[in-house]
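Colleague: Please take a close look at how helices pack against each other in this model. I would like the geometry first and the residues after it.

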Amino acid sequence: AGQSPQRSAAEVGTPKRTKEIIAKYGFSFKKSLGQNFLIDGNVLNNIVAAAELDKTKGALEIGPGIGALTGRLADAAGRVVAVEIDQRLLPILNDVLSDEPHVDVLHGDVLKLDLAELFREHFQGVDGVSVVANLPYYVTTPILMKLLEERLPLQHIVVMIQKEVAQRMAAKPGGKEYGSLSVAVQYYCVPQLVCTVPHTVFIPQPNVDSAVIKLTLREKPAVEVEDEPHFFNVVQASFAQRRKTLANNLTALCGKENREALTALLHSIGIDPVRRGETLSLEEFALLSRSLLEKGWGR
Ligand code: SAM
């Protein structure tokens, strides 16, 4: 039954089929490309289910590998576009997905692609697109920041990533996991940890723990910000040295000569200068960045 072209795509995410395909094509994993393939049908199904796809919707997959997730996305969505950097995987993907006319496999580096153009070319007439992927861990943050900052018309981003990074994305103020990544992600999205997964669901097994996170894009950012680059500068500066107080970290941005005025400003907006950046909510960061901008500091 494993040879049946009809079902071959959905069967790829099993240990047996994965080993067969790797042997058939003489494929060798490249650690430098973050190649850890999923071999657990339940985990693959959970990822697809979290994306809330149907035949009116599109899915963009980053790094299809040998197509374990791609086949299941093809079953669930009306159109699938998969971007793979490793040329050696393209003949495998063409074989595995040969019966899936609504799947486009593109060769390229997702970080270099013009995604707005990809959307125009491949997702015409589709009622909402979600990114669904088991991401290469070495570029998780650049990929996610590119997706968010380019303001692509996305519904959800459901991705397998390093567990520790997923926890930082979903962290609330007050803990050591909360940082500039938490603020950036939560500015654009509502994060939800879907599940954590053991090493054993991958081949080869990564040496870090993994988790699936679902980011639901907000219609507009969580807080009102007049100048986004300035807002993110202020956030970065506030977390620059985590053991330092907010006033100390912000002095680097505002200038030593403005130290006293900065302390007074923080008091005036109800933020104690001895607090640490990790205790500030998104609303407080927005208020802080607006007040600093009015003074012309940090721009
Ligand atoms: N989706 C497959 C699965 O779950 O079995 C493979 C996931 S594997 C963790 C990551 C995949 O991303 C690999 O196939 C790798 O070659 C590809 N990749 C790595 N860097 C990439 C990049 N910059 N752009 C596109 N694909 C990339």
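Modeller: What follows goes through two helix pairs in turn. The model is a predicted one.

Start with helix H3, residues 41–50, and helix H4, residues 68–76. Their axes lie 10 Å apart, and the packing angle is about 45°. Angles under 35 degrees would count as roughly parallel and 65 to 115 as roughly perpendicular, so H3 and H4 are oblique to each other. The crossing of this pair, H3 and H4, is right-handed. On the H3 side the contact is formed by Leu44, Asn45, Ile47 and Val48. H4 contributes Ala68, Leu69, Arg72, Leu73 and Ala76. Sorted by character, the residues where H3 meets H4 comprise 7 nonpolar, 1 polar and 1 charged.

The second pair is helix H10, residues 228–238, with helix H11, residues 246–254. Here the axes come within 8 Å and cross at roughly 130°. Only angles over 145 would count as roughly antiparallel, and H10 and H11 are therefore oblique to each other. H10 crosses H11 in a right-handed sense. From H10, the residues in the contact are Asn233, Val234, Ala237 and Ser238. They meet Leu246, Asn249, Leu250, Ala252 and Leu253 of H11. The residues of the contact between H10 and H11 divide into 6 nonpolar and 3 polar, with no charged residue.

How values were computed
Residues numbered from 1 in each chain as written. Predicted model: local features only at pLDDT ≥ 70, side-chain atom pairs only at ≥ 80, totals over all residues. Axes fitted to C-alpha atoms, helices over the stretch in contact; angles between N-to-C directions. Helix = DSSP H or I, 4+ residues; strand = E, 2+ residues; numbered from the N terminus. Left-handed = near helix turned anticlockwise from the far one by under 90°. Contact = placed C-beta atoms within 7 Å. Nonpolar A, V, L, I, M, F, W, Y, C, P; charged D, E, K, R; others polar.
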